[in-house]
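The following exercises concern a single protein model. Please examine the sequence and the structure before working through each solution.

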Amino acid sequence: MTLSSVVIVGAGQAGYQTAASLRQLGFAGRITLLSDEDELPYQRPPLSKAYLLGQLDERRLLHRQEKWYADQGVTLLCDAAVAIDRAGHAVTTASGASVPYDHLVLATGAHNRPLPVPGAELGGVFGMRVKADADALAPLLGAGARVIVVGAGFIGLEFASVAAKLGASVHVVEVADRPMARALSAETAAFFRAAHERWGTTFDFGAGLARIDGADGRVGGVTTSDGRALPADLVVYGIGVVPNTALAEAAELAVANGIVVDERLLTADPDVSALGDAVSFPCAQLGGAPMRLESVQNAADQARHVAARLLGRADVYGALPWFWSEQGDLNLQIAGLSLGCDRVVDLAGVGENEKAVLCFRGGVLVAVETVNRPADHMAARRMLAGHPELTVAEAEASGFDLTAWERAHALATAG
C-alpha cells in the first residue's frame with residue numbers, strides 16, 4: 001500500500017526529525033506532527049547550557065521557524081495525543097479531534113523521574129527537561145544564589161557549570177561515588193570532578209536527600225540522607241528519566257523499559273513505528289540486546305532511519321551510538337557504548353584541558369571518551385562503525401596517537 005498520511009506523536013528531536021527527513025527524502029503525502037507543548041518544536045540540549053546563559057535566544061532555539069512547516073506541508077498541532085485506535089488507524093487528541101493515519105510514528109520521549117522526597121512540591125524546586133523549566137530558572141540564577149543540584153549526570157552537571165559561571169554557590173549531591181557514573185570511566189569522571197571543583201562546585205558523593213526544607217511554600221534548604229542540613233535558594237534535580245509509554249500501553253503495544261520495537265524500529269503492529277528516548281530496541285553494538293538510549297543523536301539517527309524505511313530505502317537500524325555534553329569549557333564526546341568494559345587505556349600526552357580514554361571489552365575496543373579532542377572523536381566513530389582492530393597493547397604503546405593510527409589503518413585497509 002502506498003502511504004498517503006503519516007502521523008507523528010511527539011515534537012521533540014525524534015518527531016521533528018522524522019517529519020523533516022520524510023520531506024527531504026521526497027515523501028509527498030500528508031504529515032501531521034502532534035505536540036503536547038504550546039511551542040514550535042525546539043532544541044533541548046541548549047536549555048541547560050547556552051539558552052540558560054542567555055547566549056541563545058528563543059528564535060535560534062527553534063528547529064525551524066513557523067514558515068517552514070507551512071512551506072513543507074507539515075501540519076503542526078499543539079494538541080496532545082490521548083488515545084490510539086489501531087483498528088481504525090486514528091489518533092484521538094486532547095481536544096477530541098480524530099487524526100487518521102496510514103502509518104503512525106511514536107516519538108513520545110521521556111519525562112523527568114520525580115524527586116521522591118518530602119518537600120519536592122515547594123517553590124524553587126525544578127526539574128530540567130523542557131523550555132518552561134529553563135525560562136523559570138534563568139531569572140533566579142546569579143551571584144549569591146545558593147543552589148543544590150541533585151544528581152551528577154549530564155544534565156545536572158551542565159546546569160551546575162552554568163550556575164557556577166553565573167556566580168551561584170553550587171553544591172551537587174549524588175548517590176554514586178563519582179560524576180556521570182553510568183556513562184563514563186572512572187578516569188574521565190575524575191577529570192570532570194576536578195574541573196567542576198576548580199569552578200567552585202562542591203560535591204557530596206554517596207549521599208542523597210532525606211527531604212527538602214522550606215517555609216511559606218518556598219525552599220530554604222535540604223536535609224541529606226546522613227542528616228546534614230544544607231542551605232538552598234534553589235534545588236534542581238536530574239535523577240534520570242522515565243519513558244513515556246502510557247499511550248502505547250493503552251493501545252496494547254508491548255512495553256519493557258520503553259516501547260518494544262524490532263531491528264527496523266517497528267512495533268508488533270506493522271503500521272506503527274516508535275523511536276527515540278521512549279523506545280527499547282535491539283542494539284547492534286550489543287549483539288542485539290535490548291537497549292534504551294537517551295540521546296539527541298540516537299533520536300535523530302532513528303528518525304532518519306524510520307523515514308527512509310517508510311520510503312523503502314532502509315531496513316535494519318544499526319547506527320553507532322554517540323553522545324556529547326558541554327560543561328564549562330569542556331566538550332565531552334563519547335563514541336560507542338562502554339557497558340561491560342573491562343580495560344581502559346588513558347592516553348598520555350594530551351593537552352592540559354583535554355582527555356582521551358579508550359574502553360575495551362574482552363580485548364575489543366567498544367567506546368572512546370574524549371574531551372576537547374574532536375579529531376580523535378571522529379576517528380573513533382569511524383573505527384567503531386566497523387570492526388576496530390586496535391589492540392590494548394597498541395593503545396598502551398608510548399607515543400600512540402589515535403587519529404594517526406586510524407588514518408594509517410584506513411589507508412592500509414584501502415590498499
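A residue counts as buried when its relative accessible area is under 20%. The model used in these exercises is a predicted one.

**Exercise 1.** Determine whether cysteine 283 is buried or exposed, and establish how many disulfides the structure holds.

*Solution.* Step 1: cysteine 283 has a relative accessibility of 1%, so it counts as buried. Step 2: a disulfide requires two cysteine sulfur atoms within 2.5 Å. The cysteine sulfur closest to that of cysteine 283 belongs to cysteine 359 and lies 15 Å away, which is too far for a bond. Step 3: cysteine 359 is in no disulfide either, its nearest cysteine sulfur being that of cysteine 341 at 4.4 Å. Cysteine 359 is also buried, at 1% relative accessible area. Step 4: across the whole structure, a search finds zero disulfides.

**Exercise 2.** Describe the surroundings of lysine 355.

*Solution.* Step 1: lysine 355 lies in strand β25, which covers residues 355-361. Step 2: its relative accessibility is 12%, and it therefore counts as buried. Step 3: its side chain forms a polar contact of 2.7 Å with the side chain of aspartate 346. Step 4: beyond neighbours within four places in sequence, the residues in contact with lysine 355 include Glu187, Phe191, Val350 and Arg373.

**Exercise 3.** Characterise the packing of helix α1 against helix α9.

*Solution.* Step 1: the axes of α1 (residues 13-24) and α9 (residues 296-310) come within 8 Å and cross at roughly 35°. Step 2: the crossing is right-handed. Step 3: among the contact residues are Gln17 and Leu22 of α1 and Ala303 and Arg304 of α9. Step 4: the contact comprises eight nonpolar residues, four polar and one charged.

Note on methods
Residues are numbered from 1 along each chain as its sequence is written. This is a predicted model: local features need pLDDT of at least 70, side-chain atom pairs count only at pLDDT 80 or more; totals for chains, interfaces and linings use all residues. Side-chain values use heavy atoms; hydrogens and water are left out. Axes are lines fitted to C-alpha atoms, for helices over the stretch in contact, and angles run from 0 to 180 degrees between N-to-C directions. Helices (H or I, at least four residues) and strands (E, at least two) are DSSP runs, numbered from the N terminus. A crossing is left-handed if the near helix is turned anticlockwise from the far one by less than a right angle, and right-handed if clockwise. Contact means heavy atoms within 4.5 Å. Ala, Val, Leu, Ile, Met, Phe, Trp, Tyr, Cys and Pro count as nonpolar, Asp, Glu, Lys and Arg as charged, and the others, Gly among them, as polar. Buried means under 20% relative accessible area, exposed over 50%, partly exposed in between (1.4 Å probe, protein chains only). A polar contact is a pair of N or O atoms within 3.5 Å; within protein, one must be able to donate a hydrogen and the other to accept it, and residues adjacent in sequence count only if both atoms are side-chain atoms.
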